[in-house]
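This report examines side-chain contacts and ligand surroundings in one protein model. Please keep the sequence and the structure in view while reading.

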Amino acid sequence: MDLFTFTRAELTSPVQLAGDRWVVSAYDDVRAVLADPVTFLPDNALTAVTPVAPAALRTLVRARFSLPPTLANNGSESHTALRRLVASFFTPARVAAAEPRIRSLVLERLGGADLVRSLAWDLPAIVLMELLGLENVDIPTLKRWSTGSLEFFWGDITRERQLELVDDVGEFHQWLVKRYHARDGELFRALADAGVSAEDSAGLCYFLLIAGQETTTQLLSTALRKALADRPLWARLSSPGVAEEFVEDVLRTDTPVVTWRRLTAREVVLSGVRVPAGAELVLLLSGKETDPRHLAFGYGRHFCLGAGLARLEAAVTLRTVAAHEPSLRLTGPEPEWLNLLSFRAPKSVAVTRPAEV
Ligand code: HEM
């Protein structure tokens with residue numbers, strides 16, 4: 001089984017060994033794993049899926065790159081305070097207040113021939129920078145760093161590809177350290193004032209600035225494509241509540257963060273299968289067609305801090321595009337897909353606007 005492309009339909013057991021990783025897919029098992037960070041450590045959440053080869057590692061060492069335990073990969077006590085600090089930027093009130101801005105960004109981006117390029121690509125990054133109070137960020141550079149980092153850490157890649165990507169990984173990290181020392185932006189000032197070290201701050205921001213927008217780009221891409229494939233739905237999307245409900249459906253069955261990892265601290269039994277200590281679990285977060293529940297944003301202590309923001313961005317985007325472009329149609333061949341261990345989405349959503357009769 002190919003861990004980078006598999007679907008639920010290919011699984012023959014709720015706990016299935018694939019290479020040296022264990023794929024866990026039953027809802028109750030996945031939730032129980034996420035609910036118990038002592039038995040199932042989050043330490044491997046950001047570990048490179050393809051081990052970093054020596055040549056690329058040298059570049060990372062030169063760039064003083066490090067990802068100490070901060071948020072997603074932090075099973076220690078320091079997690080609580082760091083999580084609280086970051087959560088203060090994404091309170092329900094702050095997120096709700098972003099709605100008019102999200103709508104106007106969508107309106108400025110109508111009319112493209114590929115909705116990923118014209119709309120889904122930069123909108124989440126702009127919204128995130130504004131919520132974190134980070135000014136003068138060159139968005140195309142941020143996107144190059146963050147897409148490169150996703151592929152570097154979650155991709156099935158060759159040594160040559162690692163070398164092509166590693167400079168982006170290192171540069172991004174160095175930029176974060178520089179902004180921290182310059183106290184350049186609300187987020188960096190909050191981290192420095194709370195006594196968070198430069199190294200922890202850079203590690204935290206490295207994850208936050210990727211997770212906080214790449215995943216939403218992917219959700220927008222999948223949701224737009226899926227909605228456009230369903231004409232009756234597209235016609236109803238601007239009615240109250242329809243976009244929100246549709247976004248939940250997309251999160252349930254086609255979520256962009258399709259898997260998330262944990263490490264067993266001791267031998268465990270899941271769905272009757274014995275899994276040794278030190279095993280890497282790949283938890284399937286995408287739900288079953290027949291089950292209304294989903295774990296797209298995780299569960300428990302590490303539950304996604306951006307769930308409300310991602311849901312809002314997706315619903316506002318769908319509603320606004322559908323209201324202004326009722327005759328929009330998908331076109332072209334099947335798109336290329338992003339297929340990483342934890343991230344899946346179409347890389348383009350090609351559209352056409354037939355002249356209305
Ligand atoms: C469709 C969009 C998104 C999806 C599907 C998603 C999914 C996830 C998942 C599965 C986790 C791990 C949860 C766990 O271990 O239980 C997570 C953690 C996290 N996400 Fe998201 N996320 C999305 C958007 C965002 C956004 C917009 C932000 C920006 C604030 C964000 C920030 C975080 C943070 C900071 C964590 C780590 C929390 C912690 O360890 O305490 N995510 N996300």
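In this predicted model, the charged end of Arg117 is placed over the ring of Trp121, at 4.4 Å from the centre of that ring. A second arrangement of this kind involves Arg293, whose charged end sits over the ring of Tyr27, 3.9 Å from its centre.

**Aromatic pairs**

Rings may also pair with other rings. The whole structure contains 13 aromatic pairs. One of them joins Phe172 and Trp175 in a tilted arrangement, with 6.4 Å between the ring centres and 35 degrees between the planes. A pair counts as tilted when the angle between its planes is neither under 30 degrees nor over 60 degrees. Both partners belong to helix α9, which covers residues 159-181; because Phe172 and Trp175 are three residues apart there, about one helical turn separates them. Phe172 and Trp175 are both buried.

Phe172 also forms a tilted pair with Tyr206, for which the centres are 5.2 Å apart and the planes are at 45 degrees. What does this pair of Phe172 and Tyr206 tie together? Phe172 lies in helix α9 whereas Tyr206 lies in helix α11 (residues 198-211), so the contact links parts that are 34 residues apart in sequence. Tyr206 is buried, as is Phe172.

These three residues are members of one aromatic cluster, in which Phe172, Trp175 and Tyr206 are joined by Phe65, Trp145, Phe152, Phe153, Trp154, Trp260 and Phe343.

**The ligand and its surroundings**

The ligand is surrounded by 30 residues, and the closest are His79, Arg83, Arg262, His302 and Cys304. Which residue donates to the iron atom of the ligand? The only protein donor is Cys304, through its SG atom, at 2.3 Å. Cys304 is located in the loop that runs between β7 (280-284) and α15 (307-324).

Oxygen atoms of the ligand also lie within reach of polar protein atoms, as the following table sets out.

| Residue | Polar protein atom | Distance to an oxygen atom of the ligand |
|---|---|---|
| Arg262 | side-chain atom | 2.9 Å |
| Tyr299 | backbone atom | 3.1 Å |
| His302 | N or O atom in the side chain | 2.7 Å |

Arg262 and His302 thus appear both in the table and among the closest residues to the ligand. For Tyr299, the contact comes from the backbone, whereas for Arg262 a side-chain atom takes part.

Definitions and conventions. Residues numbered from 1 in each chain as written. Predicted model: local features only at pLDDT ≥ 70, side-chain atom pairs only at ≥ 80, totals over all residues. Heavy atoms only, no water. Donors = N, O, S within 2.8 Å, 3.2 Å for Na, K, Ca; no water. Helix = DSSP H or I, 4+ residues; strand = E, 2+ residues; numbered from the N terminus. Phe/Tyr/Trp six-rings, centres within 6.5 Å; stacked < 30°, edge-to-face > 60°. Buried < 20%, exposed > 50% of the residue type's maximum accessible area, 1.4 Å probe, protein only. Lys NZ or Arg CZ within 6 Å of the ring centre and 35° of its normal. Near = heavy atom within 4 Å. Polar contact = N/O pair within 3.5 Å; in protein donor to acceptor, adjacent residues only side chain to side chain.
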